[in-house]
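Please look over the sequence and the structure shown below, and keep both in view while you read. The paragraphs that follow move between single pairs of residues and the chain as a whole.

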Amino acid sequence: MMKKQIFKIIFTNQGKVYEIYARRVTSSEIYGFVEVEDILFGEKTTLVVDPTEEQLKLEFNGVNKTHIPFHSVIRIDEVEREGTGKILHLASPGDVPAPVPQPLFKPDKGPGKA
């Protein structure tokens, strides 16, 4: 029997660090993005409710696949088993908002280009 792959994806989004688990991660057909499918959440029978995981469930409710910009990805690991998804704040309230991500490269301004 073949073992199912599980990936832990850590990325930034709007001043927060997201840690999610998924069964499939590939390079997206949309240039500059990573495609994440089949996002996993904790056990349905657990009595203790984790508020950050509940927030992730609400945010990704109804999402079949998501596209994450390359420059937002911190790391992607293949792991033995699924963990608990998390959302961590990069800055405390009242701090300056997180900067807008910059492109990976700038277009060439060669001869004849403005």
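A good place to begin is the pair K65 and E35, which form a salt bridge in which the closest N and O atoms are 3.9 Å apart. Because K65 lies in strand β4 (residues 65-69) while E35 lies in strand β3, this pair ties together parts that are 30 residues apart in sequence. The two partners can also be described by their accessibility: K65 is partly exposed, with a relative accessible area of 39%, whereas E35, at 10% relative accessibility, counts as buried. Please keep in mind throughout that the model is predicted.

It helps to recall a general point here, namely that side chains of opposite charge can pair when their charged atoms come close. How many salt bridges does a search of the whole structure find? The search finds six salt bridges, and among them is the one between R24 and E37, whose closest N and O atoms are 3.2 Å apart. R24 belongs to strand β2 (residues 16-27) and E37 to strand β3 (residues 33-40), so this pair ties together parts that are 13 residues apart in sequence. On the arginine side, R24 has a relative accessible area of 44% and is partly exposed, while on the glutamate side, E37 counts as buried at 18% relative accessibility, given that buried means under 20% relative accessible area.

A further salt bridge is found in the helix, where the side chains of E54 and K57 meet with an N to O distance of 3.5 Å. Both residues lie in helix α1 (residues 51-59), and they are three residues apart, which is about one turn of the helix. As for their accessibility, E54 counts as partly exposed at 32%, and K57 likewise counts as partly exposed, at 23% relative accessibility.

With these pairs located, the reader can step back to the chain as a whole. The protein chain has one helix and six strands, and if you follow the chain from the N terminus on, its elements run in the order β-β-β-α-β-β-β. Which contacts join residues at least 24 apart? If one takes the contacts in the protein chain between residues at least 6 apart in sequence, 66% of them join residues at least 24 apart. Of the 114 residues of the protein chain, 30% count as buried, and the chain exposes about 8700 Å², of which carbon and sulfur atoms supply 56%.

Finally, two residues deserve a look for the backbone angle called phi. Q14 has a phi near 50°, which is a positive value in a residue other than glycine, and you will find Q14 in the loop between β1 (6-13) and β2. With a relative accessible area of 71%, Q14 is exposed. The other residue, D38, is also not a glycine and has a positive phi of about 55°, but D38 lies in strand β3. Is D38 buried or partly exposed? With a relative accessible area of 41%, D38 is partly exposed.

Notes: Residues numbered from 1 in each chain as written. Predicted model: local features only at pLDDT ≥ 70, side-chain atom pairs only at ≥ 80, totals over all residues. Heavy atoms only, no water. Salt bridge = Lys/Arg side-chain N within 4 Å of Asp/Glu carboxyl O. Helix = DSSP H or I, 4+ residues; strand = E, 2+ residues; numbered from the N terminus. Buried < 20%, exposed > 50% of the residue type's maximum accessible area, 1.4 Å probe, protein only. Contact = heavy atoms within 4.5 Å. Areas by Shrake-Rupley, 256 points an atom, 1.4 Å probe, with all protein chains shown as cover.
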